[in-house]
Amino acid sequence: MKYSISDLQKMYRRYRMQVFFLLLLLIGALVLVFQSRLLTLAALAFALLFHLFLLRPQQKAYVNAFTQANLLNTLCPKLGTDTVSEKNASHITAELLKNARLMPFRQESGTPLLRWEISGRLRELSVSLCDATLAQDFRLVEKGKNRVHFNTGVWTHIRLPKNTGMDFCLLHEASVPTPIRMEFFSRESLLLPAKLQDPELAKSFVLYHPASETPAPLPGRFLSELRKLAEYTPGYVAISVRANQMDIFIRNRFLARPVSVRQAPTEAMLGFDPFPELAYLADLAKTL
């Protein structure tokens, strides 16, 4: 369903009315404290049920409707599509993430969590992107207790127009926590660290290449566009290029941006682009 600004404003007003009603219930419960303990408990119980079964679903419905409308107004036109998939991503899958060999993640029910998928074409490139939450196992010490780190960001998959003949991974050191990254690539015996010829990028990026090949220098234009992206985005970039497939994960960036429930929705809010990095990613892909 496509939501207009008037639809969102109606949902917002309904939500605010329910918040006001909940406050009245809580005030009533406070007044009843001095009259009847039983009535106070009954009022609090009713307030709790109202919050769980009416207010929270209404808030979630509004936030999801706003996110969908925002993406339909910003990223979808760029990709020539009018479809946003809130759940059950079909183009970006766990298998696709695994084939990118970019980072580890637990693969079971509920993880990886892939939401708000958009797929289309940009500058003759086939592009899919979504919000991704990846559960990554690690131990603080050898043979220590297994812990889980949740790595969140935007995952973008680009199908390149030709086979580049390349196979490499290039990660900002903060895109995946260093112990998790090092353990993962130590297990990926086909991938070894290599020297990155750009001294500025080498300060924060790590390059991995297949052990069976002598790594060829990355194109200068590619490194130049990567510098622009790294300087622009507040997130941390990780890139995998394999033949005609390019995958980019930008940690701490999201398609579903935070939605304030304190402010009524406006046209300006709906037109705010949550992921302007998309243009930089297209520029990066065009260099290969």
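Trainee: I would like to begin with a single pair in the sheet: which residue of strand 6 is the bridge partner of Leu-170?

Mentor: The partner of Leu-170 in strand 6 is Leu-207, and please keep in mind throughout that we are reading a predicted model. A single pair is best read together with the strands around it: strand 4, residues 167-172, runs antiparallel to strand 6 and is joined to it by 4 bridges.

Trainee: With which other strand does strand 6 pair, and in what sense?

Mentor: Strand 5, residues 191-194, also pairs with strand 6, again over 4 bridges and in the antiparallel sense, and within that pairing Leu-191 stands opposite Pro-210.

Trainee: Is strand 6 mostly covered or mostly open?

Mentor: Burial is judged on relative accessible area, with under 20% counting as buried. By that reading strand 6, which comprises residues 205-210, is mostly covered, since 6 of its 6 residues are buried.

Trainee: Where does Glu-213 lie, and how should its accessibility be classed?

Mentor: Glu-213 belongs to the loop between strand 6 and helix 7, and because its relative accessible area is 43%, it is classed as partly exposed. Its distance from Trp-155 can be given in two ways, as 58 residues along the sequence and as 27 Å in space from C-alpha to C-alpha.

Trainee: Further along, in helix 7, why does Glu-225 count as buried?

Mentor: Glu-225 has a relative accessibility of 15%, and so it counts as buried. Glu-225 lies in helix 7, which covers residues 220-232, and once neighbours within four places in sequence are set aside, its contacts are Asp-283, Leu-284 and Thr-287.

Trainee: Which residues have the most contacts inside the largest nonpolar core?

Mentor: A core is read as a set of residues joined through their side chains, and here the largest nonpolar core has 40 residues, with Phe-222, Leu-226 and Met-246 making the most contacts inside it. Helix 9, residues 277-285, supplies the largest share of this core, namely 5 residues. Leaving out residues up to four places away in sequence, Phe-222 touches Phe-168, Leu-170, Ile-239, Met-246, Leu-284, Thr-287 and Leu-288; Leu-170 is the residue whose bridge partner opened our discussion. Apart from the largest core lies another, of 26 residues, which includes Ala-89, Ala-132, Phe-184 and Phe-185.

Trainee: Turning to the surface, which residues form the nonpolar patch?

Mentor: The patch is formed by Phe-20, Phe-21, Leu-23, Leu-24, Leu-26, Ile-27, Val-31, Leu-41, Leu-44 and Phe-46, which together have about 940 Å² of accessible area. Two elements give two or more residues to it, helix 1 (5-32) and helix 2 (37-73), and helix 1 gives the most, with 7 residues. Leu-44, one of the patch residues, is found in helix 2, and because its relative accessible area is 40%, Leu-44 is partly exposed.

Trainee: How many helices and strands does the chain have, and how much of it is buried?

Mentor: The secondary structure comes to 9 helices and 8 strands, and 45% of the 288 residues count as buried. The C-alpha trace spans about 80 × 50 × 30 Å along its principal axes, while the chain exposes about 15500 Å², of which carbon and sulfur atoms supply 57%. Finally, among contacts with a separation of 6 or more, 70% are made by residues 24 or more positions apart.

Note on methods: Residues numbered from 1 in each chain as written. Heavy atoms only, no water. Buried < 20%, exposed > 50% of the residue type's maximum accessible area, 1.4 Å probe, protein only. Contact = heavy atoms within 4.5 Å. Patch = residues over 30% accessible without salt bridge, like charges linked within 9 Å, V, L, I, M, F, W, Y side chains within 5 Å. Areas by Shrake-Rupley, 256 points an atom, 1.4 Å probe, with all protein chains shown as cover. Salt bridge = Lys/Arg side-chain N within 4 Å of Asp/Glu carboxyl O. Core = buried A, V, L, I, M, F, W, Y, C linked by side-chain atoms within 4.5 Å. Pairing = 2+ DSSP bridges.
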